[in-house]
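Hi everyone, thanks for coming. Please have a look at the model on the screen, and then I'll walk you through two spots in it.

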Amino acid sequence: MIPLTLAAVAEIAGGRLHHATGDELVTGGVEFDSRKVADGGLFVALPGERVDGHDFAAQAVADGAAGVLAAREVDAPAVIVPPADPETHSGSVALAGDTDGSGAAVLQALGALARHVVQTLAPGGLTVVGVTGSSGKTSTKDLIAQLLEPMGDTVAPPGSFNNELGHPWTVLKADRSTKHLVLELSARGPGHIAHLAAIAPPRIGVVLNVGSAHVGEFGSRDGIAKAKGELPEALPSAADGGVAVLNADDPLVAAMAERTNARVVLVGESPSAQVRAESVRLDELARPSFHLVTPRGKADVQLPLHGEHQVGNALAGAAVALELGASVDEVAQRLNGLQRRSQQRMAVTTRDDGVVILNDSYNANPESMRAALKALASMSRGRRSWAVLGEMAELGDASVSAHDEIGRLAVRLNISRLVVVGERAAAMHHGASHEGSWGEESTLVPDTAAAVELLRRELEPGDVVLVKASNAAGLGVVADALLDPAGAKGATA
Ligand SMILES: Nc1ncnc2c1ncn2[C@@H]1O[C@H](COP(=O)(O)OP(=O)(O)OP(=O)(O)O)[C@@H](O)[C@H]1O
Ligand SMILES: [Mg+2]
């Protein structure tokens with residue numbers, strides 16, 4: 001964070017000083033958890049579902065915080081923020097436990113601080129890159145960060161820490177040495193992305209895809225496209241350096257070219273894409289290789305990530321890195337050396353007995369299910385393939401048909417065995433049972449324990465197993481159990 005006095009924090013936040021001279025200097029990061037505050041940090045007091053951060057303000061300062069951002073008076077040097085402005089705050093997601101609006105007030109002040117930091121740093125060369133889409137934001141954010149790091153200090157959130165807290169928290173990590181700030185912008189409703197983009201205005205915006213994640217909240221895919229398009233709309237004009245990186249292979253994304261004044265760079269496998277993948281092939285672990293074709297030259301790429309869907313993510317990253325000065329060869333080299341940074345996303349582990357576990361249990365929606373099933377199918381090549389699948393949450397009225405479709409797809413892709421975990425995903429089992437001549441191949445089990453029991457009993461050396469569901473279904477434990485030496489014959493990464 002750039003050093004700021006509490007007086008400056010008060011001015012930026014439109015708040016008032018309390019128990020403070022104003023000279024207290026904030027030099028560390030912001031924290032919401034008093035136990036995590038470092039010396040010189042700013043403790044942000046938020047109401048929680050069980051405890052109220054304001055009750056920990058004095059302790060945070062005793063532990064080294066320079067001051068507190070608070071909605072009411074506390075027994076410590078603080079900036080007391082004004083009530084939230086409903087207009088400015090309308091795009092923000094409500095905070096659980098915020099019964100009196102104090103959380104919204106503090107978050108609005110935090111957003112103002114984050115905006116101030118970006119405005120201060122941008123003229124000195126900070127570039128903000130925003131990534132949105134229905135699937136692959138975290139994967140692509142990690143990938144872009146790795147492409148940019150060799151070119152200068154890069155700040156990106158850990159994992160999927162991109163919500164109303166994680167977004168400003170990450171932005172406030174930037175300081176004068178930061179060259180790139182890579183942010184994941186997610187939406188659960190209209191206005192959310194515009195709100196996040198106003199806090200930290202991106203110069204480069206990436207839209208990956210429009211799928212059906214959270215369709216329950218948006219009403220339709222067009223509603224989702226409208227919301228994702230708030231990112232290209234928020235970009236500066238081409239004359240001011242704005243660049244919209246859009247997926248040429250997704251018509252709803254390519255159409256966003258009409259909604260931006262930024263320069264458009266299309267990426268994908270379509271001939272219209274300026275940054276293009278040609279001759280995509282998958283190896284035996286579904287790792288893609290392709291010819292990267294760009295206006296600045298060509299190179300061969302072999303991604304160390306699994307699944308063909310990673311190609312689009314890699315192209316988006318390549319376009320960003322090329323914009324920021326990397327050569328095509330550098331981009332290819334860095335893509336070839338990528339590491340998977342966030343957990344439970346297409347994590348492939350081969351056990352000592354040759355069983356391959358594909359752990360993609362972090363999240364699921366119909367598009368990422370399809371992507372993972374295709375990766376599984378391409379990895380089977382003579383092996384028995386197992387899809388262990390649980391509920392895709394938040395699909396609203398589309399839920400039953402979406403689950404049914406995935407079950408049918410498993411049959412069409414020739415997956416050997418489907419294990420559907422939990423009654424909420426039962427439509428997958430029914431879909432599979434109605435497609436083709438499946439009988440024993442699909443099994444509905446009540447819970448993860450039953451899934452583990454079935455798999456331990458029936459897995460054979462060389463089988464390949466995909467484990468995937470929405471996070472709430474908790475299928476990560478199935479993957480963990482299969483990799484646990486107590487249950488298997490041992491594992492190697
Ligand atoms: N381009 C893509 N198309 C379809 N699925 C993808 C794509 N990229 C990644 N995925 C899959 O989507 C799932 C979620 O990936 P990731 O966490 O990167 O997405 P996200 O958009 O950040 O999700 P969230 O909305 O939970 O933040 C994983 O199963 C991943 O393999
Ligand atoms: Mg994410």
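Let's begin with a word we'll need: a residue counts as buried when its relative accessible area is under 20%. Keep in mind, too, that this is a predicted model.

With that in hand, how many residues of strand E20 are buried? The strand covers residues 417-421, and 5 of its 5 residues are buried. Look at the two faces: Arg 417, Val 419 and Val 421 are on one side, Leu 418 and Val 420 are on the other, and both sides are covered.

Now for the neighbours of E20. Strand E19, residues 385-389, pairs with E20 in the parallel sense, over 4 bridges. Within that pairing, Val 420 in E20 stands opposite Leu 389. To get from E19 to E20, the chain passes through helix H15, residues 399-412, in a right-handed β-α-β crossover. E20 also runs parallel to strand E21, residues 442-445, and 4 bridges join them. There, Leu 418 has Ser 442 in E21 as its bridge partner.

On to the second spot: what coordinates the magnesium ion, ligand 2? Thr 138 through OG1, Ser 160 through OG and Glu 184 through OE do, at 2.1 to 2.2 Å. Along the chain, these donors follow the spacing T-x21-S-x23-E. Thr 138 sits in helix H5, while Ser 160 sits in the loop between strand E9 and helix H6, so the pair ties together parts that are 22 residues apart in sequence.

Are these two buried or partly exposed? Thr 138 is buried, because its relative accessible area is 5%, whereas Ser 160, at 26%, counts as partly exposed.

Note on methods: Residues are numbered from 1 along each chain as its sequence is written. Chains are lettered from A and ligands numbered from 1 in the order in which they are written. This is a predicted model: local features need pLDDT of at least 70, side-chain atom pairs count only at pLDDT 80 or more; totals for chains, interfaces and linings use all residues. Side-chain values use heavy atoms; hydrogens and water are left out. Donors are N, O and S atoms within 2.8 Å of the metal (3.2 Å for Na, K and Ca); water is not among the atoms, so sites may look incomplete. Buried means under 20% relative accessible area, exposed over 50%, partly exposed in between (1.4 Å probe, protein chains only). Two strands pair if DSSP finds at least two bridges between them. A crossover is right-handed if, with the strands pointing away from the viewer, the path from the first strand over the helix to the second runs clockwise.
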